[in-house]
Amino acid sequence: MFSTRLLMTCAAIGVGSGIVFTVAGFINGIVAAAAPIVYGLSIGVYFLPGVIAQSLLRLPGVALITSLIAGLVGSAVNPAFIMRYLAAGLAIGLLQEVPFAISRYRYWKPWVFYVAAAVMGVIFGGGVFIGVGMEHFAGWANIVYFGLFAVSPVLFTWLGRVIAAGINKTGVARGVQRDVDRRESRHTRHRHSVRSMTAA
C-alpha cells in the first residue's frame, strides 16, 4: 500500500519533527508547571509532522505515520516522556486523518486544514484541561486557555504548509503526491452515468 519512497519521505518528516518535539517537550513541561494558562501556545508544534506530510503528499495515513515516527524520535531522546510523545503523536495523527477521510482523501483545500486545526486544538485542549485541572481557574482564564489551544494549531498548520511548499519545490514528492482536488465533477459523474445506462 505504501511505497518505499513514500515511507522514506514520511520518515524524514517524522525524524525532523521529532527533534522539534524534543525541544518542545522540555519547554512544554516548564510552561505547564509555571503558567498552565498559556500551555496551549506550545501545543501546536505537535501538529507539524502531520500537516507537513498531508500538505505535501495528500495521501491517507501519512499524518498518523509521521506523527508516530516523530513521537518515537522524541521519546528516544527523552525516554522519561515516552508515553507523552507517543500519546500526542497517536492522538493528533488520528485527528488529522478524520477531516480528509470524510472526503475519502480526495479534497485537500487549505481551508480544511485550518478549520480542522482549530477544532482539533479545542478537542485536544479539553483532554489536557482535565489533566491540568484548569477547572479551578477563573472563567476568563478558561477562555484564554481554550482560545490558545485553538489559535496555536492554526499557526503551526500555517507554518507546516509553508514548510511543505518549500519541500515541494525540491521535487522530492513528484510522482508520489496526489492532486489537491480529485473529486469528480458533475459533468464527469453524468458522463459515467450515461455510459453505465448505455452499457446496460
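Five aromatic pairs turn up in this predicted model, counting two rings as a pair if their centres lie within 6.5 Å. A good place to begin is phenylalanine 100 with phenylalanine 113. Their ring centres are 4.8 Å apart and the planes meet at 50°, so the pair counts as tilted, being neither under 30 degrees nor over 60.

Now follow the chain to see where these two rings come from. Phenylalanine 100 belongs to helix α5, which covers residues 82-102, while phenylalanine 113 sits in helix α6, covering residues 110-132. The two partners are 13 residues apart, and their pair links distant parts of the chain.

Are these rings buried or exposed? Phenylalanine 100 has a relative accessibility of 2%, so it counts as buried. Phenylalanine 113 is buried too, because its relative accessible area is 4%, and the limit for buried is under 20%.

Stay with phenylalanine 113 for a moment, and look for tryptophan 108. These two also form a tilted aromatic pair, with 6.4 Å from centre to centre and 40° between the planes. Tryptophan 108 is likewise buried, at 2% relative accessibility.

Stepping back, you can see how the rings join up: ring pairs link Phe100, Tyr105, Trp108 and Phe113 into a cluster. Finally, which residue lies over the face of phenylalanine 113? That is arginine 161, placed 4.7 Å from the ring centre.

Technical notes:
Residues are numbered from 1 along each chain as its sequence is written. This is a predicted model: local features need pLDDT of at least 70, side-chain atom pairs count only at pLDDT 80 or more; totals for chains, interfaces and linings use all residues. Side-chain values use heavy atoms; hydrogens and water are left out. Rings of Phe, Tyr and Trp (its six-membered ring) pair if their centres lie within 6.5 Å; planes under 30 degrees apart count as stacked, over 60 as edge-to-face and the rest as tilted. Helices (H or I, at least four residues) and strands (E, at least two) are DSSP runs, numbered from the N terminus. Buried means under 20% relative accessible area, exposed over 50%, partly exposed in between (1.4 Å probe, protein chains only). A charge sits over a ring if NZ of Lys or CZ of Arg is within 6 Å of the ring centre and within 35 degrees of the ring normal.
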